[in-house]
Amino acid sequence: PELKQELRREVVGYGIFSGILWNLGNIAQVIAMHRFHMPYGISYPILQCALLVSGIWGIYFFKEVRDQKTILVFWAGATVLIAGVIILGAFGPGSG
């Protein structure tokens with residue numbers, strides 16, 4: 001297929017917005033590391049939670065995944081991710 005058919009004008013804005021949002025997260029990580037002296041071992045895993053947000057966008061906004069079993073597996077992984085971030089924040093580097 002031609003690029004013109006694959007690249008629809010109405011979805012380009014969403015792609016640009018998601019890229020801007022993703023990079024705002026990167027900027028927030030750098031600010032947290034330098035201004036608040038957050039250790040890299042804490043700030044980087046929290047930044048990876050952006051994958052959780054993009055997964056939610058993909059499932060519920062863009063309807064990229066419709067299989068309920070796959071969505072359940074996604075949420076099981078999301079639960080492990082969130083638990084890991086909480087544990088890392090409580091007991092990880094710089095937690096005192």
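A residue counts as buried when its relative accessible area is under 20%, as exposed when that area is over 50%, and as partly exposed in between. The exercises below apply this cut-off to a predicted model.

**Exercise 1. Determine which residues of α4 are buried and how they are placed around the helix axis.**

Step 1. The helix α4 has 12 residues, and 16 Å separate its first C-alpha from its last. This is close to the 16 Å expected at 1.5 Å a residue.

Step 2. With the cut-off of under 20%, the buried residues of α4 are Leu-52, Gly-55, Gly-58 and Ile-59.

Step 3. These residues cover an arc of only 125° around the axis, and therefore they lie on the same side of α4.

Step 4. The partner must then be identified. The buried residues of α4 pack against α5 (68–91).

**Exercise 2. Classify Ala-50 and Lys-63 as buried, partly exposed or exposed, and locate each residue.**

Step 1. Ala-50 belongs to helix α4. Its relative accessible area is 22%, so Ala-50 is partly exposed.

Step 2. Between Ala-50 and Ile-31 there are 16 Å in space, C-alpha to C-alpha, and the two are 19 residues apart in sequence.

Step 3. Lys-63 is found in the loop between α4 and α5. Because its relative accessibility is 43%, Lys-63 counts as partly exposed.

Step 4. The backbone of Lys-63 deserves attention. Its phi is near 55°, which is a positive value in a residue other than glycine.

**Exercise 3. Compare the span of α2 with the expected value, then describe the setting of Gln-29.**

Step 1. At 1.5 Å a residue, the 27 residues of α2 should span 39 Å. The end C-alpha atoms of α2 are 39 Å apart, so the model agrees with the expectation.

Step 2. After α2 comes His-37, which has a positive phi, near 55°.

Step 3. Gln-29 is located in helix α2. Its relative accessible area is 12%, and therefore Gln-29 is buried.

Step 4. Residues up to four places away in sequence are set aside, and the contacts of Gln-29 are then Tyr-40, Ser-43, Tyr-44 and Leu-47.

**Exercise 4. Establish the exposure and the contacts of Pro-45.**

Step 1. Pro-45 is part of helix α3.

Step 2. With a relative accessibility of 24%, Pro-45 counts as partly exposed.

Step 3. Not counting residues up to four places away in sequence, Pro-45 touches Tyr-40, Val-85 and Leu-88.

Step 4. For a separation in space, take Thr-70: Pro-45 and Thr-70 are 23 Å apart, C-alpha to C-alpha, and 25 residues apart in sequence.

**Exercise 5. Describe the largest pocket by its volume, its lining and the classes of its lining residues.**

Step 1. The volume of the largest pocket is about 430 Å³.

Step 2. Its lining consists of 20 residues, and those nearest the centre of the pocket are Leu-21, Trp-22, Ala-50, Val-53 and Ser-54.

Step 3. Two or more residues of this lining are given by each of α2 (9–35), α3 (40–47) and α4 (50–61). The largest share, 10 residues, comes from α2.

Step 4. Sorted by class, the lining of the largest pocket has 13 nonpolar residues, seven polar residues and no charged residues.

Methods: Residues are numbered from 1 along each chain as its sequence is written. This is a predicted model: local features need pLDDT of at least 70, side-chain atom pairs count only at pLDDT 80 or more; totals for chains, interfaces and linings use all residues. Side-chain values use heavy atoms; hydrogens and water are left out. On a 1 Å grid over the protein atoms alone, a cavity is a set of points where a 1.4 Å probe fits but cannot get out, and a pocket is an open set with protein on both sides within 12 Å along at least five of seven lines; lining residues have an atom within 4 Å of a point. Grid points are joined across faces, edges and corners, and a volume is the space filled by probe spheres set on the points. Helices (H or I, at least four residues) and strands (E, at least two) are DSSP runs, numbered from the N terminus. Ala, Val, Leu, Ile, Met, Phe, Trp, Tyr, Cys and Pro count as nonpolar, Asp, Glu, Lys and Arg as charged, and the others, Gly among them, as polar. The expected span of a helix is 1.5 Å times one less than its number of residues. Buried means under 20% relative accessible area, exposed over 50%, partly exposed in between (1.4 Å probe, protein chains only). The arc is that of the directions from the helix axis to the C-beta atoms. Contact means heavy atoms within 4.5 Å.
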